[in-house]
Amino acid sequence: MDLEILRETLLLEQHNTRIVVISVALLGGTAGLIGSFLLLRKQSLLGDALSHATLPGIGIAFALMSAMGLSGKSLPGLLTGATITGLIGVLLVLAIRRSTRLKDDAAMGIVLSVFFGLGVAILNMVQKIPGQSSAGLDSFIYGSTASMVWSDFCLIIVTLLVTSVMTILILKELTLLCFDPDFASVDGWPTLRLDVILMGLVTAVTVVGLQAVGLILIIAFLITPPTAARFWTDDLKKLLWISTMIGAVSGWLGASISALYSNLPAGAIIVISASFIFLVSMIFGRARGVLPRYLRHLKLQKKVGRQHLLRSTFEILENTQSEAPLKNIPISMELLRKHRYWSKGELPRLIRQARAEDHIERQPSGELRLSESGFGEASRITRNHRLWEMYLIKHADIAPSHVDRDADMVEHLLGAEIVHQLEAELELAKSDIKSPHAI
Amino acid sequence: MRPEHPPEFPLAVHDLTVAYHRKPVLWDVDLNIPDGSLAGIVGPNGAGKSTLLKACLDLIPATSGEALIYGKPYAEQRDLIAYVPQRESVDWDFPVSAQDVVAMGTYRKLGWFKRIGTTQKKQALAALEQVGIGHLANRQISQLSGGQQQRVFLARALVQDAQIYFMDEPFAAVDAATEQAIIELLQSLNARGKTVLCVHHDLATVSRYFDHLVLLNMRVVASGPTPETFTRENLQKTYGGKLNLLDDVAQALKNVGRP
Amino acid sequence: MNWTANDLHIILVGTLCALACALPGTFLLLRRMSMMGDAISHAVLPGLAIAFLISGSRASWWMFFGAAIAGVLTALFTQWITRFGKVERGAAMGIVFTTLFAIGLILIKQSADHVDLDPACVLYGALEYTPLDLVTLFETAEHLIQVPRAALVIAATLLFNILIIALFFKEFTLASFDPSLAKTQGFRPMLMHYLLMTMVAVTTVASFEAVGSIIVIAMLIVPPATAFLLTRRLPILIATSLIVAVLSALLGHLSSQALPHLLGLPETTSSGMMATATGVLFLLAWVFGPEGLMRQNSGELKKPEHLIDLDEPKALEKH
């Protein structure tokens with residue numbers, strides 16, 4: 001029964017919840033789009049200062065409209081008030097930052113707390129005004145979709161569509177502003193005005209979202225989707241798409257669930273859905289997620305370890321034999337252990353790995369011997385290493401005694417193409433390459 | 001027009017003073033950069049080198065004085081200017097590719113609302129090839145080395161196709177190969193009649209790289225052709241009592257055969 | 001207005017709370033973490049709710065621990081997301097505190113039938129009602145000295161904060177100005193970080209019931225920021241921010257009673273006006289302070305002392 005209604009709500013088949021779900025999903029998508037730029041501008045928390053700064057405006061608008069004999073709760077009026085004080089708050093943050101030694105966080109904190117305090121004081125006053133019911137003003141703090149009417153949704157949807165179109169129109173300009181404001185300014189772009197436009201777009205989204213989500217949680221809509229999306233991609237266009245989708249999905253889920261269960265506030269459900277997506281993205285995100293990054297690290301470590309083992313073996317062979325050609329003879333574990341610094345347990349692990357890859361065989365005597373493929377691989381690795389060392393000495397003015405460490409770090413990343421380049425550059429492709437320092 | 005700053009100078013700075021929170025950083029800076037020169041601004045840390053560059057480009061408000069580009073205020077001459085900020089001034093984790101960054105150099109000509117198209121992409125790619133990293137065009141910028149990132153910035157300036165290039169520490173923390181590539185590029189720009197102005201910190205290379213030199217420590221200690229300006233006396237004035245450094249420099253001076 | 005014992009009590013509670021907040025707030029400001037105060041004070045909500053659901057009572061100790069743990073977890077989660085996810089700190093903080101606040105909100109709404117815990121109370125507090133719950137400090141035949149219970153709780157927190165800061169003054173100072181130096185000196189900046197976060201959480205929790213989180217956020221951030229515009233020396237900075245905090249509490253309560261009457265409106269909540277009063281004091285410092293807007297564009301710049309003298313090159317040779 002319940003599940004059936006849930007399905008209908010989610011699929012927008014429920015007539016009376018359809019408009020709520022659509023507008024909140026649209027809100028999430030738009031916030032995800034604009035929030036991306038807020039994140040890239042490193043101003044995420046400015047949204048928080050902004051949303052708190054709207055409260056005095058709501059109170060004042062209510063009082064003024066009541067005083068003029070209008071309905072104090074007309075949404076366009078309240079939102080106009082919210083927009084005005086919200087923008088004043090943001091401009092104050094910018095002004096404090098420009099003209100004092102105080103940093104971002106303090107500037108935002110001051111505006112946030114003082115405006116919020118003022119807002120609470122004003123609301124407290126106006127709620128005692130006789131004759132006007134002010135019930136429902138609280139929904140601007142905690143968010144509630146229950147008290148919203150048809151015209152409210154129309155206002156929200158129109159504002160959001162206008163905001164999205166504007167953002168998409170100035171995508172290029174916003175990107176430049178966020179990436180390199182100094183360059184933008186020298187190039188003749190009005191960076192201050194662009195910043196104000198960006199804040200204006202953020203304000204528009206915040207203000208229309210206040211009633212549904214509440215002013216404390218609305219910033220989650222601006223921050224969480226883009227931060228989650230960043231884990232999946234390094235490409236700005238994809239980031240904007242993913243962020244928009246995450247915002248829309250969170251909004252859709254949140255609005256649907258809270259439409260069914262009246263004691264689950266929409267704002268809270270939306271935030272929790274978005275945070276859940278964030279958590280999944282942070283762990284599994286393809287581009288910057290924790291797990292993929294860790295796996296890449298492990299893979300590189302494995303590769304580096306293998307190269308260290310094979311090169312060491314090869315160098316020992318070179319050291320123990322005086323005449324060419326080099327013979328692949330068994331060597332003792334002890335020699336290998338002494339040849340370079342191994343961390344605890346590293347050597348046996350690497351040997352096990354190399355045996356599994358058929359690069360090294362254990363002799364009946366307990367000594368180790370390179371297999372045929374292992375010998376080829378070891379000589380190739382050693383050669384690359386030395387090529388790189390010589391490149392560094394020749395081109396980077398590094399003292400030979402310092403070369404080994406740097407070479408270790410970089411050679412593992414060398415592709416075949418660069419090796420060819422190095423060989424050509426050093427004109428050494430044909431002859432054997434000796435180590436430039438004592439092994 | 002001020003008689004001491006005639007309009008043939010690509011950059012003329014007149015009595016420029018800059019202060020942060022009422023603490024002066026530049027004091028009465030007055031200088032001319034001759035047309036077609038490859039000029040260096042050199043001085044100790046905190047001498048206000050970058051500040052001078054930024055004040056000339058209106059990035060920092062001047063307390064008094066002015067900077068003129070070919071005799072006119074900077075705002076009227078933007079088309080003539082390309083700017084290469086310090087590499088650390090931007091976040092290299094930003095989700096864009098090398099080509100995207102270079103294409104930003106075309107935005108001004110594109111104007112508002114228009115998106116970059118094939119022409120701009122081709123321009124960007126050509127500039128990347130000119131600085132030797134055409135094959136990295138689609139690489140995300142955080143996956144580039146420091147030297148490659150510097151080259152991306154340089155390519156962006158090339159795309160701007162300017163008369164005067166303002167560069168903030170283009171040689172800071174780059175590898176030797178990149179440094180060589182950059183200086184060759186600057187010299188080729190110079191050979192085509194462009195003026196290049198670099199904030200620079202390495203005294204050992206000054207006389208090899210620049211034909212005009214500004215020694216700066218809050219005020220201009222000396223400004224003129226490098227051979228006359230890059231003297232022990234001037235350096236001592238600029239760097240004050242930092243003798244260790246001066247000895248290194250003396251060595252460097254000997255190596256290039258100047259007093 | 002009529003000056004009553006109630007007003008005295010409200011001012012007492014507000015002042016103690018302002019003092020207790022301004023102390024850790026100074027170090028938050030110096031560490032550029034002022035917004036952490038905002039985050040923590042929102043994020044204690046689930047701690048309060050869970051403690052309430054488990055214990056089934058509003059007994060202060062349970063709520064206190066629940067909220068303090070939630071507060072410290074905010075700092076911890078933010079740190080993790082910043083470090084492992086390579087996310088900018090502001091964004092990480094925003095994600096953590098909104099998530100926790102949302103969880104708290106749901107928990108409270110879910111148990112709304114049998115719980116007398118209102119999220120509004122966490123925000124606004126009930127400063128006006130503190131005089132209703134009095135504790136007798138001392139009683140003789142002629143005198144009866146009573147203070148609000150909330151005042152005792154907050155006074156204890158204030159003492160705790162004073163003690164911690166007095167004990168670790170050197171460490172806090174170093175960890176605020178130069179975390180890497182502090183680390184090499186063996187001062188464990190992370191330990192100091194979490195100690196500071198604990199102080200903020202404890203102060204938030206102790207204050208919320210009486211005054212609400214609005215005052216806590218305002219008093220954590222604004223008085224230190226105001227002092228920062230007036231002085232650069234740490235001991236004076238702390239002293240100034242304490243003075244600003246006390247003044248705000250006093251002016252805030254007075255204006256909450258007096259101001260609305262000028263507009264023909266009923267009196268309003270003291271906690272909101274106390275936050276507003278800090279804002280007014282900050283504005284004054286911003287405009288008229290030694291580095292304020294009034295001075296920024298006036299008067300000659302002083303010629304810097306260490307300017308190189310170009311006329312006397314010989315003088316430098318002596319160095």
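Angles under 35 degrees between helix axes count as roughly parallel. Keep that cut-off in mind for a helix pair in this predicted model.

**A helix pair in chain A**

Helix α3 (residues 46-67) of chain A packs against α5(A) at an angle of about 25°, and their axes are 8 Å apart. The two helices, α3(A) and α5(A), are therefore roughly parallel to each other. As for handedness, α3(A) and α5(A) make a left-handed crossing.

Who meets whom? On the α3(A) side, the residues include L46(A), A49(A), L55(A), I60(A) and F62(A), while α5(A) brings in, among them, M108(A), V111(A), F115(A), L118(A) and V126(A). Sorted by class, this contact of α3(A) with α5(A) has 18 nonpolar, 3 polar and 1 charged residues.

**Where chain A meets its partners**

Helix α5(A) turns up again at the contact with chain C. That contact takes 45 residues from chain A and 55 residues from chain C. On the chain A side, α5 (104-126), α11 (218-230) and α13 (266-284) are the elements giving two or more residues, and α5(A) gives the most, with 15 residues.

Chain B touches chain A too: 22 residues of chain B are in contact with 23 residues of chain A. From chain B, β6 (81-84), α3 (107-110) and α6 (176-191) each supply at least two residues of the side that touches chain A.

Here is how the residues of two of these sides split by class:

| Side | Nonpolar | Polar | Charged |
|---|---|---|---|
| Chain A, touching chain C | 27 residues | 11 residues | 7 residues |
| Chain B, touching chain A | 15 residues | 3 residues | 4 residues |

**The nonpolar cores**

The largest nonpolar core has 277 residues, and the members touching the most other members are V111(A), V102(B), L197(B), C17(C), I154(C) and M219(C). V111(A) is also one of the α5(A) residues that meet α3(A). Helix α9 (residues 189-230) of chain C gives the most to this core, with 26 residues.

Take M219(C) for a closer look. Setting aside neighbours within four places in sequence, M219(C) is in contact with C17(C), A18(C), C21(C), A22(C), G25(C), A245(C) and T278(C). There is also a second, separate core of 12 residues, which includes L309(A), L317(A), I331(A) and L368(A).

**One loop residue**

Finally, E357(A) is in the loop between α16 (346-356) and β1 (360-362) of chain A. E357(A) counts as partly exposed because it has 14 C-beta neighbours inside 10 Å. The C-alpha atoms of E357(A) and G251(A) are separated by 51 Å, with the two positions 106 residues apart along the chain.

Key. Residues numbered from 1 in each chain as written. Chains lettered and ligands numbered in written order. Predicted model: local features only at pLDDT ≥ 70, side-chain atom pairs only at ≥ 80, totals over all residues. Contact = placed C-beta atoms within 7 Å. Helix = DSSP H or I, 4+ residues; strand = E, 2+ residues; numbered from the N terminus. Nonpolar A, V, L, I, M, F, W, Y, C, P; charged D, E, K, R; others polar. Buried ≥ 20, exposed ≤ 12 C-beta atoms within 10 Å, placed from the backbone. Axes fitted to C-alpha atoms, helices over the stretch in contact; angles between N-to-C directions. Parallel < 35°, antiparallel > 145°, perpendicular 65-115°, else oblique. Left-handed = near helix turned anticlockwise from the far one by under 90°. Core = buried A, V, L, I, M, F, W, Y, C linked by C-beta atoms within 7 Å.
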